[in-house]
Amino acid sequence: MFYKEEREGICKCGYPKIQHCDEAIKPEDYAGEQWDKHRHVKETSTDAFGNISFAGLLGQKTGKYVRVSSDTTCESLYQLITKQWDLRSPNLLISVTGGAKNFYMKNHLKEKFRRGLIKVAQTTGAWILTGGTHAGVMKHVGKAVRDYSSSGFKERQIVVIGVAPWGVIHNRGKLINPEKCTKNTPKVLTDEATSSQELSVQKEDDTQPKETSQGCFPVDYSLDELGQGRLCCLDINHTHFLLVDDGTHGNYGVEIELRTRLERHISQQSLGKRENLRGVKIPVVCVVLDGGPGTLNTMYNSMLNNTPCVVLEGSGRLADVIAQVAALPVSKVTLVLISKLLKKFFAKEYKSFTEVQVIEWTKKIQDIIRKPHLLTVFRIDEDKNVDVAILQALLKASRSDEHAGRQSWKKQLELAMVWNRVDIAESEIFTEENQWKSRDLYSAMFSALVGDKPEFVRLLLGNGVCVREFLKEEEMLCELYAEQPACFFRRKLEKRAKGDKITLTHVSEEVRHLLGSFTQPLYVSSRDKKTKDDVRLTIRPCHRCISQVPSKGSMDLPSSGEDPTTLTVSDPKRDLFLWAVVQNNRELAEIGWEQCRDCIAAALAASKILRKLAQESKEDDSEEAKKMRELANHYEKQAIGVFSECHSWDAQRAQRLLTRISPSWGRSTCLWLAFEADDKRFVAHSGVQALLTQIWCGELSVENTHWKILLCMIFFPLIYTGFLIFRRDEDIQRWAERTKKQPCAMCHVCSPAVIIYSPPSRTIFIIAIIIILHRRSGLSSASLSCQVPFFSGHIPPSLSPPLTCFLNKDFTCVSDPLQESEPEPEPLNCSSRLMSLYTSPQVKFYWNIVSYFGFLWLFAVVLMIDFQTFPSWRELLLYVWLISLVCEEVRQLYHDFDGSGFRRKAKMYIRDLWNILDVLSIMLFIAGLACRLQASRTVLYVGKVIFCFDFIIFCLRSMAIFTISRHLGPKIIIVRRMMMDLFFFMFLLSIWVVAYGVAKQGIMIENEERLNWIVRGAVYDPYLIIFGNFPTNIDNTQFDISSCHVNGSEPLKPKCPVLNDDNLPMFPEWLTIIMLCVYLLFANILLLNLLIAIFNYTFQQVQDNTDTIWKFQRYELIKEYHSRPALPPPFILLSHLILFIRGVLPRSPSQRHKHFRQELEQNKEKEMLSWEAFMKDNYLASTRQEKSQTVEHRIQDTAEKVGAMSELLEREQEMVSAKMAKREQVSECAKALRWIIDELKSQGCKSKMQPPLMNDEESSGQETEDKPARRTSASKSRK
């Protein structure tokens, strides 16, 4: 309906008459009616929605917009935002309200507001709701988003939704899609379908254009502040716009009702889908800057809806008024005070206030300050930022809701976790007055782990969460794996579970596949579990049983048929670390690793698992595989760091850590895990190499030189003269030196040993240190109670027993219990010394070198001198020798050194290049022997040829002997790598050789049928050309017909080329010469230089790591000769016979390989783990200290200090500017007063009082001079 307003041609709705449809301007249809927007405005489907592009200084920006009706349901709007616009539900809704006009803010407050708003939106995943126009507070919000976008540190998109009135938008005609408009639909009445229900109908309607149904109408919108007039432009920094249309034009505030309803609807939505978040709604906070009457109404309604409000003091007008009275009691907030404040902060606008409005404002402000839990004032002089103030306001409001007590604190903790603000949780929730129980934090711990919030995990662990109790129940760990984020390990688990629920059995099978079959399962099914007491009793053998085994302290892997429950231990800290590692989560894995006691084995196991996962996932996701390899290298570095710390403190204990059986990781050892994980740098560590050297020498001392050992091998009686040093002799000498020391020397000299050997609890460390210090200072035990809270003059019974091993009840120190339990070593007798010499792996190796070269010498003699029709004694000895080598290879294949099973042992055997050469040489020897035994002389010669090739392979196999050498070993590694490069080079070279050879043969020779001459001409001759054997048959000047045969019937001569009548070749001579030149250019120059470059690259690449690679491969050689029988071939057949008889006869399992696997007693195991954990803490502390000393860290600290100083300088500059402004005002006032005085003096007025004293000298002079006149003027002015 057209309802005429005071202005000519303008309707009550604000639109001119020409923009109304014909029906609306018929006066007879609406005669006598008052204009009502609900009756006289028609709603139709929207004609303005889709994408909007802004051209700004930072490039093109794209957002989304939609024109909605003011009566649109909030459910439709929320569905539109989350479904059609594909925005995630917010964790927080920040409604920014305030002045719609441009207003002044101090620079310091402006920067704090912008940084704080962006930080809270970025960290919490919040939506920011504003008016959407480029003016007032909306403009400040837009600039904050612009600064964030230009910073380049965009972790997530900042969602800023502008709810603006359609009727006040400048250039809104550009937002309308003309294809959607019809002649019978006036522009003023077009309203939006708003609802996503209607949009979804359009989307499903096949008759609609696809672009329109998806809302992709592109709009180019530009900012035009000069031509906007009374209207406003959209802010180009907002991401989404809801343009509210009620059918009017030029009316501000029509969107307030819809915005309020939308905020209320969002606040009623659940914050998350998990059970612990279903009762928590999306929090809403209102941030107030400046503002007028509309802002007061918005703030008042928000508080009625229990929405907390944050007021920024110093932003102007309403915000400053409320900030002034926020701390006052309601009784002091009077009408007079409000009037005074309004006059102060609203200045000229105060004149437009009526008395009724002032009264209304006073009542509303009183109602606002009656809810202090919902009101937070941010003051510019506070140290905290705006983001902290916003989140603190929400937490303060949540403490006073209907939830009470512990539930309220849990809700606040869940909110802080959803916002990912650990600083808020630490300062507001985990306070001294709020004491948390460990069980109360389990749900939060679960949310932090599943939600990938490592900082919260650290905070919860530091505030009482016990990992052992948290993961005590199997269901909790299963639920963690069920909620594991999408990763390669999760896909493998789902594939293994085959649609069933994921259980720990599936996890155990998959982890064992990744670790290797040599490990035992980490978890057992519930039906296989024994009772708690049974498991505890069967995990460790008793001391009596251990003392009965032949090799004390060492145990083999159990057989595969043994009960798995006896081999599995519960370790929740390991479970947490493993859960984080398999999903390739570096930060959570680091937290879990810091919790582990068996940290070296844990790091090496993680390295093995990650490398295996990276190998298997390389085809699916190369980027994920790369991250896994990086994390595997990180944990290899961590293992090296902790082991280095251990080795620097106690080398013997550190070596014991390498061979100690780890029950938490499938009864494997650190040494074996490092080898399986291919951790070359760890194995190359000096401490690991020292252990390997010690194993290599056996019972012999590592101080013995090679020539002494070789001499004693030949003339063994020298070992009884002290010519060779045995390890037992060194042990006896060390034990004697240790017994000479006084027991109490530890109190005065070796006090660090008390700290090292103490239990893992830091409290016990502190007690031990304080006790020692008090003993040294001569203080009594009673004085300790003031330093240790629970210490009362005696050892507390709650402390673990190992402490009493170091401190008696009278606070005197005793020696190390590990050393006390070691008896005096007995000296070796004659037979033991002889056995120790010849069973040493080093001596075995030397005898096998002699034996192998003897075998090669005998083989060469047989081939060159003594290969008869009937085998001679030398040849028969050669066959026996070879049979002993075959038996040894069979023994190595079937010998299960680490309990990994035959299949895995066979794979590892075939994977070794030297074993492949062994198998090939044996197969060739068998084939040659089969031909050798035939009666035919031709077959006999074939057998000899096979033996000759076999001899070549045996000679190449001899290179494996020199891998133990520090100088030759790395060179052999380089040769092996270059052989691989040579293989690929020969593939490229063969292409050129065959291409040139076939072309040359086809041009020069016609129809050659002899295969040997075809191969010679097409392959052999071109190959020899590379090495300088240039052909003469391609040049007619050097052609000799006697060197070939015309028909090719003579077998020893090649076929002649096609000849002409002069018996000269007919082929074009120039063509063959050009072909030869091109072939030499590519083959001799290009490809050979390429081969040299490849060799050079391989040499440089391997040379830097040859020492590491050699040390890594040295482990396999030492392990081989450690398990090898003492006798060399062919005498080794006796050892094989003895092993066979032992294998057939029933007997008890032997205790072997004690140098590689040792199982400690329970007390020693605890002591070892405690010491390792303490060394890990030292390593982490030194790492953090080194990190703090890095250049990057110093630059960051300097940048923070410079930022703080710049803020202080800005504040100081603002204060100076304010003082200068006040001085200018005082100067202007002084000028005005002088003018008044001069006027009064001119009229003869004098003051009766003495003038006040002035600090200014000039003013003093003038006052003295004009004293009578001023007295008179002051008197008149008072009158």
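A residue is called buried here when its relative accessible area is under 20%. Keep that cut-off in mind as we walk through this predicted model, because it decides how the strands at our starting point are described.

Let's begin with strand 3, residues 93-98. L93, S95 and T97 point one way from this strand, while I94, V96 and G98 point the other way, and all of them are buried. The pattern follows a general rule: in a regular strand the side chains alternate between the two faces of the sheet. With six of its six residues buried, strand 3 is largely enclosed by the rest of the structure, so both of its faces are covered.

Next, look at what lies beside strand 3. Three bridges join it to strand 4 (residues 127-130), and the two strands run parallel. S95 has L129 as its bridge partner in strand 4. To get from strand 3 to strand 4, the chain passes through helix 3, and this β-α-β crossover is right-handed. Strand 3 is also joined to strand 8 by six bridges, again with the strands running parallel. Here S95 turns up once more, with C286 as its bridge partner in strand 8, and I94 stands opposite V285.

Moving over to strand 8 (residues 284-289), you will find that six of its six residues are buried, so this strand too is largely enclosed by the rest of the structure. V284, C286 and V288 point one way from it, and V285, V287 and L289 the other way. Strand 8 is joined in turn to strand 9 (residues 309-312) by three bridges, and these two strands run parallel. V288 stands opposite V311 in strand 9. The connection between them goes by way of helix 8 (residues 293-304), and together strand 8, helix 8 and strand 9 make a right-handed β-α-β unit.

Helix 3, met above as the link between strands 3 and 4, has a helical neighbour of its own. The axes of helix 3 (residues 107-124) and helix 12 (residues 386-398) come within 7 Å and cross at roughly 55 degrees. The two helices are therefore oblique to each other. On the helix 3 side of this contact are K112, F113, G116, K119, V120 and T124, which meet V386, D387, I390 and L391 in helix 12.

Further along the chain, helix 31 (residues 706-714) shows how burial can be one-sided. I709, C712 and M713 are its buried residues in this picture. They cover an arc of only 105 degrees around the axis, which puts them on the same side of helix 31. The face turned away from that buried side carries the exposed residues W707 and I714. What do the buried residues of helix 31 pack against? Their partners are helix 37 (830-838) and helix 38 (841-864).

Helix 38 leads us on to another crossing. Its axis and that of helix 46 (residues 1106-1122) come within 9 Å and cross at roughly 90 degrees, so helix 38 and helix 46 are roughly perpendicular to each other. In this contact P841, K844, F845 and N848 of helix 38 meet L1117, Y1121 and H1122 of helix 46.

The loops around these helices deserve a visit too. F870 sits in the loop between helix 38 and helix 39 (873-894), and at 68% relative accessibility it counts as exposed. F870 and L933 are 63 residues apart in sequence and 8.7 Å apart in space, C-alpha to C-alpha.

A few backbone details are worth checking as well. Most residues other than glycine have a negative phi, and most peptide bonds are trans. D452, in the loop between helix 15 (442-450) and helix 16 (454-462), has a positive phi of about 55 degrees although it is not a glycine. D678 also has a positive phi, near 60 degrees, and is found in the loop between helix 28 (670-676) and helix 29 (680-683). D452 is partly exposed, at 42% relative accessibility, and D678 is partly exposed at 36%. As for peptide bonds, the one from P1129 to P1130 is cis, with omega near 5 degrees. P1130 lies in the loop between helix 46 and helix 47 (1132-1144).

Finally, step back to the whole chain, which has 51 helices and ten strands. Of its 1279 residues, 47% count as buried. Among contacts between residues at least 6 apart in sequence, 73% join residues at least 24 apart.

Definitions and conventions:
Residues numbered from 1 in each chain as written. Predicted model: local features only at pLDDT ≥ 70, side-chain atom pairs only at ≥ 80, totals over all residues. Heavy atoms only, no water. Buried < 20%, exposed > 50% of the residue type's maximum accessible area, 1.4 Å probe, protein only. Helix = DSSP H or I, 4+ residues; strand = E, 2+ residues; numbered from the N terminus. Pairing = 2+ DSSP bridges. Right-handed = clockwise from strand over helix to strand, strands pointing away. Arc of directions from axis to C-beta. Contact = heavy atoms within 4.5 Å. Axes fitted to C-alpha atoms, helices over the stretch in contact; angles between N-to-C directions. Parallel < 35°, antiparallel > 145°, perpendicular 65-115°, else oblique.
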